Amino acid sequence: SSATPEEATDWWESFRPDPVEICPPDLSRTEMPGLLELPTDTTEERTGNICSYGAKGSNLAALYQRLDPEYQLDGFIIPLYYYEQFIENGTWEVDLGDGLKEHSFAETIASWHQDSVFLTDATVRSQRLEALRNAFFEVPVDPAVVSAIAQRIEDTWGSDTVMVRLRSSSNAEDGLIFSGAGLYESASICVADELDADSSGPSRCDDTVSGEHTLSDGIREVWASLWSMAAWEERSWYGIDHTLVGMGVLCDTRYNDEIANVVAFSGNPTTMGDNRYLINS
């Protein structure tokens, strides 16, 4: 039997989860702490870390600081501040209702989330989000930021020819209700590829890898993945406010031939006696 749009909407709403609140970005912290350096002793510190550094990096720091050292790997966290700086300063030519004009990425995102066409037409939304992600790669990352991250990598791993992994650490993932597993991108990068004078491969960090794997491209890939269609739709289903999402970056050890990425929960950490396990791979 057929259903009206209103009946279909009511049916979907009948099993939609309650809206998930996320921590608004705290842009006051600009340092890039190591995983063993981030303060994690109190609930307030751990909550605040997610606002500044995103969930993945913050949670891993809290975990590592409670593990035997033999299970700890090198890594540090890039705060949401640098993503916010990029979208505030990065501009492109886009029509936000008054003809093609130069607007920042931040202005674009805010405008689209007030636009009924973007919010209700999946085809239009998909096209616009793809265009936005592509535009990210047309805008250079602040050279001072690239230099600071490159230096942090060299200080951590002792070389600019060690391939490392940039992983999403947004404030809209790895939560008790909303895991966001698989929604955002990771990228393997090589500082030496950023610094060399050519744009052809193989990578200076791994001669089995074709092409350059620059820091600039890697961090934009992670940042841009915040606006994939899949990520937008999943956040929307969980009632997350898209205008509050931001992207930090976890920089950690890279493995060859990585088979899977996994989010694991050991029960509900806010409830005593919860012995369940959830592994989302």
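So, to kick off: in what sense do strands S4 and S6 pair, and over how many bridges? Keep that in mind while I show you around. One thing up front: this is a predicted model.

Okay, the answer. S4 pairs with S6, residues 247-253, in the antiparallel sense, and the pairing runs over 7 bridges. If you want one spot to look for on screen, take Ser-169, whose bridge partner in S6 is Gly-248.

S4 has another partner too. That's strand S5, residues 187-189, again antiparallel, with 3 bridges. Here, look for Val-164, which stands opposite Ile-189 of S5.

Now, is S4 itself covered or not? Strand S4 covers residues 164-170, and 7 of its 7 residues are buried. And that goes for both faces. On one side you've got Val-164, Leu-166, Ser-168 and Ser-170. Flip over to the other side and there are Arg-165, Arg-167 and Ser-169, buried as well. So yes, those two arginines are on a covered face.

Let's move on to a pair of helices. H8 is residues 143-157 and H10 is residues 215-224, and their axes come within 10 Å of each other. They cross at roughly 100 degrees, which makes H8 roughly perpendicular to H10.

Who's doing the touching? From H8, it's Val-146, Ile-149 and Ala-150. From H10, it's Leu-215, Ser-216 and Ile-219. Sort those contact residues by type and you get 5 nonpolar, 1 polar and no charged.

That's my tour, thanks everyone!

Definitions and conventions. Residues numbered from 1 in each chain as written. Predicted model: local features only at pLDDT ≥ 70, side-chain atom pairs only at ≥ 80, totals over all residues. Heavy atoms only, no water. Axes fitted to C-alpha atoms, helices over the stretch in contact; angles between N-to-C directions. Helix = DSSP H or I, 4+ residues; strand = E, 2+ residues; numbered from the N terminus. Parallel < 35°, antiparallel > 145°, perpendicular 65-115°, else oblique. Contact = heavy atoms within 4.5 Å. Nonpolar A, V, L, I, M, F, W, Y, C, P; charged D, E, K, R; others polar. Buried < 20%, exposed > 50% of the residue type's maximum accessible area, 1.4 Å probe, protein only. Pairing = 2+ DSSP bridges.
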